[in-house]
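Visitor: I would like to learn how to read enclosed spaces in a protein model. Could you walk me through one?

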Amino acid sequence: MALMKVKFDLKKRVKLAQSVWFLFWFAVMAGVLVFSMGLFFKIELRKRSELMDNNESHFLPNLLIVMGLLACGINAFGGKVCYDSLDPSKFVKWKPMLKTFLMGCVVFNVLLVVTALLCFIMRIPLQFTLAEGLRNGMRYYKDTDTPGRCYMKRTLDLMQIEFRCCGNDNYRDWFEIQWVSNRYLDFSAKEVKDRIGSNVDGQYLMDGVPFSCCNPGSPRPCIQQQMTNNSAHYSYDHYTEDLNVWKSGCRDALLSYYGGMMTTIGALVLLVTLLEIAVTAGLQYVDSSLSTLANPEDPESESEGWLLEKTVKETFTDIMTKMKAMGKGGKVEEGGDEGGVATVS
Amino acid sequence: MALLKMKFTQQRRVRLAQGLWLLSWMAVLCGSFVFSLGVYLKIELLRRAEVMENTEIHVVPNILMLVGLASIGTNWMAGRVCQDSLDPSRFPRWKVFLLGWYAVAALICCLLVAVVVLSYALQGRLEESLKVGLRNGIRFYKDTDVPGRCFQKETIDRLQMEFRCCGNTNFRDWFEVQWVSNRYLDYTSKDIKDRIRSNIDGRYLLDGVPFSCCNPASPRPCLQYHLTDNNAHYNYEFQNEELNLYNRGCREALIDYYMGLMNSTGPGVLSVILIQMSVLLSLRYLQTSVEGATTQEQPEGDSEGFLLEKGVKETLEEAKVKILLLLKFGQVDPSAADGSPDAEKAPPSSS
């Protein structure tokens, strides 16, 4: 008993071939979409690679790019096969490889599902990478004269402005590190000496934040220095001051940005997978309907189309026996040879 | 003598019609491109409308949008005329509209040329408008509690950060304005009382700028206050400090941005003009050659196509006479009424 058998006459076959051809070209565009999403993701990771720990993995965007290219190729080929299926003379040359092509399509669909799952799962390593990278980034903020780190200040400032965030968890992270370079500290001044003496590492710590933490929506000019000292500024209470600097931390901001991107990409890949499954099933119907013509000479005769020739169970046992036979194919069949010789004589 | 006469065989006419059909659809796409260009430019101008005093510059995107829509309509009509041109029964109904069509197409080309000219000519007006708008924006920066102006601070801050600029002409514009609201000034403090007394208007002026002027590319943390005082900061020299704040003024930055936008659309608009002109000329050839073919005994035979039936001078004179006739149409002509009876009498007497 075949799985999901459908009867086809010539008109129905033609309509099936045309719609599957159309779907294939739609799937080519979906492949281009997946490719461009992978490219976009790669570029976004590259842009902030300074803020991620060095071992950030470009595996996922590379995989998306490869899958996009593969999708384009496979679907274009499938479209061509569909187009030729309406002409019996042209279809003959595609017939032998159609079975393997369909197997390849099924494998490709499984890979697409795996890619979509990866998109959702890879948020977790990304979270750790971002946390580590941001912490280091803030430590190197002051090193504008060290080769290899001289752009960290600009990167961090631009990121805090763009993502409207301050510090790692919140703005107090800036209180715990020295973010002013030693070149601009007057070591003969009493205030500087006091601050340096106040902690074990001899770092110039202050209760101030860089300008990029400032919120333009605040009604008063930005208060960056002496933030915890209420008497240093007129009419200022740092417990109730909401709008002065950005409240959210950059780790959360970046994570939600990249997380949102990955979730969207994963959802789109799932949709593309559904489309691919549909075109694979359509091609299987085209193939089976063209190979079961009641009268092979007459193109207008009726035929049947199906998804699987036998039921799921039987197909599965067939595949298992085939694999076992392939596994035994290498061994020398001594019993068989002797039996053959015995029967001859 | 006809202007630029060309011979057309039936096959050539067919090819001309097909080519013109394709060209007219390309021109429709170009028209939609011009329209979307106009929409984009208008949106960009509206986004910064708060720092512009007048809206004279909006005439450029308005004309672009109008021309884009008109171009879509006329070129679609050209496509329909093309489709019907080779069918003798359907072509004559378009004859009436063709003269008007030529006028509209020529007008579109003229308007596009005018847009290119205007985008350069209005630069001065844009600069004036920005100067006044930015000056007001900087003056009202501190009024975050005045309804109607409470977002001025955020607007100016975001503008300076996005366009990497500071002040109107440069950062010193902030020295001349009180940009700190009175609500945050401690009037009992000596420093503030000194500053307020130091000028006639009683304003709290300082040699400092808002944080949005800070340049992230500076190697040292941003210095916003006491900018002219070298002793206030360690290892600081006001004259040599280049990277601390943005050097450009916002007026210059905005002008560069908008001029860049309009200049980059220049080549696109010029190519649209070329395409529209070629559609116009091709349609004229098609019309005249098809009309010439239908008047002959053999509609499938050769015919001539031309741009103008007579030379340029003669056509202009004919057009002048026609217009004068139209103008005189309403007037009563007493000299003609007297003259005709005399004219009738004269010939019989001479013979």
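Guide: We will look at the cavities of this predicted model, then at some annotated spans.

Visitor: How is empty space found, and how many cavities of 30 Å³ or more does the structure hold?

Guide: Rolling a probe the size of a water molecule over the atoms shows where empty space is left. Here, two cavities of 30 Å³ or more turn up.

Visitor: What volume does the largest cavity have, and which residues line the largest cavity?

Guide: The largest cavity has about 70 Å³ of space. Its lining comprises A:Tyr171, A:Met227, A:Tyr236, A:His238, A:Glu241, A:Asp242, A:Asn244, A:Val245 and A:Lys247. Sorted by class, that lining has four nonpolar, two polar and three charged residues.

Visitor: And what lines the second largest cavity?

Guide: That cavity, with a volume of about 30 Å³, is lined by B:Leu134, B:Ile138, B:Ile156, B:Leu159, B:Gln160, B:Gly167, B:Trp174 and B:Cys250. By class, the lining has six nonpolar, two polar and no charged residues.

Visitor: Which element supplies the largest share of that second lining?

Guide: α5(B) does, with three residues. Both α4 (123–139) and α5 (152–163) of chain B supply at least two residues each.

Visitor: Turning to annotations, which residues of chain A does UniProt list as "transmembrane region"?

Guide: An unreviewed UniProt entry lists residues 20–41, 62–81 and 101–121 of chain A. In the model, residues 20–41 of chain A are 100% helix and 0% strand, with end C-alpha atoms 31 Å apart. Residues 101–121 of chain A are likewise 100% helix and 0% strand, and their end C-alpha atoms lie 30 Å apart.

Technical notes:
Residues numbered from 1 in each chain as written. Chains lettered and ligands numbered in written order. Predicted model: local features only at pLDDT ≥ 70, side-chain atom pairs only at ≥ 80, totals over all residues. Heavy atoms only, no water. 1 Å grid on protein atoms, 1.4 Å probe; cavity = no way out; pocket = protein on both sides within 12 Å on 5 of 7 lines; lining within 4 Å. Points joined across faces, edges and corners; volume = space filled by probe spheres on them. Nonpolar A, V, L, I, M, F, W, Y, C, P; charged D, E, K, R; others polar. Helix = DSSP H or I, 4+ residues; strand = E, 2+ residues; numbered from the N terminus. UniProt positions renumbered as here; feature names shortened; annotations may be inferred.
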